[in-house]
Amino acid sequence: EGSFIAFGSFSQFNGKPVNRIVKLTSKGELDTNFNGNQSGADNTVKDVVVQPDGKLLVAGNFSNYNGIAFKRMVRLNADGSIDTSFNVGIGFNFMVYSVVLQPDGKIIVSGSFTNYKGLAVKKVIWLLPNGDWDTSFTIGTIPDGTPNLLVLQPDGKILCAGDFTTFNGVASNKLIRLHSDGSVDTSFSV
């Protein structure tokens, strides 16, 4: 199809009102079928991940999407409508910066948040494909800064970058690598 998604903190595209996320054709034109005339996100979108099924994981600093309370994360169907099968409940208490999708459908999320669905979390969390917290993943001690970028390596390990100097009690220089279970890969140093 050749289309792509653009996101950020904008509220217009080529003079048309849009809110922080648009789908563009291969020619860079606005796809008016995406999200219809809905209001979109009420604040900045920091990351969007397109799933293999065409659904989009949308994360950032918004509190509402299309006028419905979705605190900092929502999943959209390919046409831009809200996917109600993804339940974030009351969502995250602070900004979500980065989202990665694992091949098994689990979702890794990082940001400045310390709460998800009313439960204490530590700025990096694993979610199941339906939005529930996968508690089998734990990072131990909370990072002393914000992990604001995640990259999934082909071997399943996760690179995590941010303004932290310790992560799970391990000294780091703003970059750390995690095993797929969330433990720190001590063989990696920068």
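Select residues 56-60, strand β6, and show the side chains. Leu 56, Val 58 and Gly 60 point one way from β6, while Leu 57 and Ala 59 point the other way. Buried or exposed, what are these five? They are buried, five out of five, so β6 is mostly covered. Keep in mind that you are looking at a predicted model. The back-and-forth you see fits a general pattern: in a regular strand, side chains alternate between the two faces of the sheet.

**Stop 2: the neighbours of β6**

Now add residues 45-50, which form β5, and residues 73-76, which form β9. Together with β6 they make an open sheet of three strands, in the order β5-β6-β9, with antiparallel pairing. β5 and β9 stand at the edges with a single partner strand each, so one side of each is left without a neighbour in the sheet. Tilt the view and you can look for the twist, which averages 20° from one strand to the next.

How many bridges join β5 to β6? There are five, and the two strands run antiparallel. Try picking out two of the pairs:

- Val 49 has Leu 57 of β6 as its bridge partner.
- Val 45 has Gly 60 of β6 as its bridge partner.

Follow the chain from β5 round to β6 and you pass through a hairpin with five residues between the strands. Click on Gly 54 there: this glycine takes a positive phi near 90°.

On to the other partner. Four bridges join β6 to β9, again running antiparallel. Select Leu 57 once more, and look across to Arg 75, its bridge partner in β9.

**Stop 3: Arg 72**

Go to Arg 72, in the loop between β8 (68-69) and β9. Is this arginine buried or exposed? Its relative accessible area is 12%, so Arg 72 counts as buried; the cut-off for that label is under 20%.

Show the side chain and see where it goes. It reaches the backbone oxygen of Phe 92 at 2.8 Å, and it makes a polar contact with the side chain of Asn 61 at 3.5 Å. Leaving aside neighbours within four places in sequence, the contacts of Arg 72 include Val 58, Ala 59 and Gly 60, as well as Phe 94 and Met 95. For one more check, draw a distance from the C-alpha of Arg 72 to the C-alpha of Ala 41: they are 31 residues apart along the chain, and the separation is 9.2 Å.

**Stop 4: the largest nonpolar core**

Select Val 58, Met 73, Leu 76, Phe 92, Val 109 and Leu 127, and show them as spheres. Of the 29 residues in the largest nonpolar core, these touch the most other members. Which elements give two or more residues to this core? They are β5, β6, β9, β10, β11 and β14. The largest share, four residues, comes from β6, the strand where you began.

Zoom in on Met 73. Apart from neighbours within four places in sequence, Met 73 is in contact with residues including Leu 57, Val 58, Phe 86, Val 99, Ile 107 and Leu 127. Another core, of 14 residues, lies apart from the largest one, and among its members are Ile 108, Phe 167, Ile 176 and Leu 178.

**Stop 5: a second three-stranded sheet**

Select 96-101 for β10 and 124-127 for β14, then 107-111 for β11. What order do these strands take? It is β10-β11-β14, in an open sheet with antiparallel pairing. β10 and β14 are the edge strands, each pairing on one side only, and the twist here averages 20° from one strand to the next. Four bridges join β11 to β14; find Ile 108 and you can locate its bridge partner in β14, Trp 126.

**Stop 6: back to the start of the chain**

Select residues 4-7, strand β1, which is joined to β4 by four bridges and runs antiparallel to it. Phe 7 stands opposite Ile 21 in β4. Now select 21-24, β4, where both faces are covered: Ile 21 and Lys 23 are on one side, Val 22 and Leu 24 on the other, and all are buried.

**Last stop: Gln 153**

Finish at Gln 153, in the loop between β15 (147-152) and β16 (158-162). At 18% relative accessibility, Gln 153 counts as buried. Its side chain makes a polar contact with the side chain of Asp 155 at 3.1 Å. Beyond four places in sequence, Gln 153 is in contact with Leu 159 and Arg 177.

Key. Residues are numbered from 1 along each chain as its sequence is written. This is a predicted model: local features need pLDDT of at least 70, side-chain atom pairs count only at pLDDT 80 or more; totals for chains, interfaces and linings use all residues. Side-chain values use heavy atoms; hydrogens and water are left out. Two strands pair if DSSP finds at least two bridges between them. Axes are lines fitted to C-alpha atoms, for helices over the stretch in contact, and angles run from 0 to 180 degrees between N-to-C directions. Buried means under 20% relative accessible area, exposed over 50%, partly exposed in between (1.4 Å probe, protein chains only). Contact means heavy atoms within 4.5 Å. A polar contact is a pair of N or O atoms within 3.5 Å; within protein, one must be able to donate a hydrogen and the other to accept it, and residues adjacent in sequence count only if both atoms are side-chain atoms. A nonpolar core is a set of buried Ala, Val, Leu, Ile, Met, Phe, Trp, Tyr and Cys residues joined through side-chain atoms within 4.5 Å.
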